[in-house]
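Here's a quick briefing on the empty spaces in this protein, plus one helix pair worth a look. Have the structure open while you read.

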Amino acid sequence: MPNTPSSQPRSRVSQRIGSIAESATLAVDAKAKALKAAGRPVIGFGAGEPDFPTPDYIVEAAVEAARDPKNHRYSPAAGLPELRQAIAEKTLRDSGFEIEPAQVLVTNGGKQAVYNTFAALLDPGDEVIVPAPYWTTYPESIRLAGGVPVDVFAGPEQGYKVTVEQLDAAVTERTKVLSFVSPSNPTGAVYTPEETAAIGRWAHDRGLWVVTDEIYEHLTYDGVPFTSIATAVPELADQVIVLNGVAKTYAMTGWRVGWMAGPVDIIKAATNLQSHATSNVANVSQRAALAAVSGPLDAVDQMKTAFDRRRKAMVAGLNEVPGFSCPTPAGAFYAYVDVRGALGDAAGRGHQTSAELAGHILEEAEVAVVPGEAFGPSGYLRLSYALGDEDLAEGIGRIQKLLS
């Protein structure tokens, strides 16, 4: 008998793709920009994007590269050999972690590094422990790879940092990976060297992979040190993937250059995936990244001075809002404010969730913030202080006026 069409309509979008959520941070940023384009004076605290231009020496390297015909052609999917070498040298310089160029894959921004890593590590049903609050892309990348994210929440009472005891309670026979991010997006929390080493030793003893995101390594304050878990626990070397990129350190979010570094077999597998997905990162961007990671950190230090000033101003301003409690972040460029005390009151118009409160702030005060639901439990707001001083002061003032 001939095949007959099913009576059930088939979905036009695959279940795998249809089940993932849009990036909440990019969605908030896009809405803020759309409102601004429509003439509304919206101030956006949504995207983690430095307001500084990319340093001149990096831009000049890109201009020169664009004129060179060799950059008009395909290049190796894993990245330009000289860039992979420079990243290996930079990783040793900044993280104290010694790797070879063959252990580096250059990716289209940090997000592709995240996706490649989980796709290379996970089989269907494998579990990944994800300390929360987490960066919004982690759970979705894990699900796309067939894995299962397992949230472990640490609130402001413990500095937004999980403990070994919490992690141990989350382990099952399906656990394969621990995600570790310090300095943290979204909270700005930074694990101490002792805390980092304890978690690294625990993961090693449990036989778990560690995926560590070090993209905010240069952004710590008040003398707080950055500690790479790969260096704190050298015996992790064969079961750790280090993620990084030029976006935050060098104000290069639009250039789209990130990387993953780890054992050769995992890097080779991820390179095979990338060879079919996107092939090489744009050569001009790679040449710019080469200038960045090989150059001085003077521009980074200047940006950090500004971020530190804005950090203090934002925390002070947010803590003046009734019902808001904002701990001082030790790293990155985000404030993660506890707004549970403001939910349900008259100033908050009776909103019961941080998502509702964020919507109220956008519509009434024309200030865009990201609700805690994007990063884990409700009851929090994330605000980036990587924007200009005047906008920061105006935006915090609007929130104070609306909710006081």
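α5 supplies the largest share of the lining of the largest pocket, at five residues. Keep in mind that this is a predicted model. That pocket has a volume of about 560 Å³, and the second largest pocket comes in at about 330 Å³. There are also two cavities of 30 Å³ or more to look at.

**The largest pocket**

- The lining takes in 35 residues, and the ones closest to the pocket centre are G48, K111, W135, K248 and R256.
- Besides α5, at least two lining residues each come from α2 (24-37), α6, β7 (240-245) and β8 (258-261).
- If you're thinking about chemistry, the lining splits into 15 nonpolar, 12 polar and eight charged residues.

**The α5/α6 pair**

- Both α5 and α6 help line the largest pocket, and the two helices also meet each other: the axes of α5 (residues 109-121) and α6 (residues 137-144) come within 8 Å.
- The axes cross at roughly 40°, and angles under 35 degrees would count as roughly parallel while 65 to 115 would be roughly perpendicular, so this pair is classed as oblique.
- As for handedness, α5 passes α6 in a right-handed crossing.
- On the α5 side the contact uses K111, V114, Y115 and F118, while α6 brings T137, Y138, S141, I142 and L144.
- Sorted by class, the residues of this contact are six nonpolar, two polar and one charged.
- K111 turns up twice here: it is part of the contact with α6, and it is also among the residues closest to the centre of the largest pocket.

**The second largest pocket**

- This pocket, with its volume of about 330 Å³, is lined by 18 residues, and those closest to its centre are D29, K33, K36, G44 and L387.
- Which element gives the most to this lining? That's α2, with four residues.
- α2 and β1 (43-44) are the elements that each supply at least two residues here.
- The lining breaks down as eight nonpolar, four polar and six charged residues.
- α2 therefore deserves a second glance as a helix, in the DSSP sense, that feeds the linings of both the largest pocket and the second largest one.

**The largest cavity**

- Now for the enclosed spaces: the largest cavity holds about 170 Å³.
- It has 18 lining residues, and P131, P133, Y134, V181 and S184 lie nearest its centre.
- Two or more lining residues each come from β3 (127-132) and β5 (175-181).
- How many charged residues are in this lining? There are none, with 14 nonpolar and four polar residues making up the set.

**The second largest cavity**

- About 40 Å³ of space lies in this one.
- Its lining consists of K90, T91, S95, E214, V242, N244, W259 and A261.
- The elements giving two or more residues are α4 (81-95), β7 and β8.
- α4 gives the most, with three residues.
- By class, the lining has three nonpolar, three polar and two charged residues.
- β7 and β8 are worth highlighting in your viewer, as they contribute to this cavity and also to the lining of the largest pocket.

Note on methods. Residues numbered from 1 in each chain as written. Predicted model: local features only at pLDDT ≥ 70, side-chain atom pairs only at ≥ 80, totals over all residues. Heavy atoms only, no water. Axes fitted to C-alpha atoms, helices over the stretch in contact; angles between N-to-C directions. Parallel < 35°, antiparallel > 145°, perpendicular 65-115°, else oblique. Left-handed = near helix turned anticlockwise from the far one by under 90°. Contact = heavy atoms within 4.5 Å. Nonpolar A, V, L, I, M, F, W, Y, C, P; charged D, E, K, R; others polar. 1 Å grid on protein atoms, 1.4 Å probe; cavity = no way out; pocket = protein on both sides within 12 Å on 5 of 7 lines; lining within 4 Å. Points joined across faces, edges and corners; volume = space filled by probe spheres on them.
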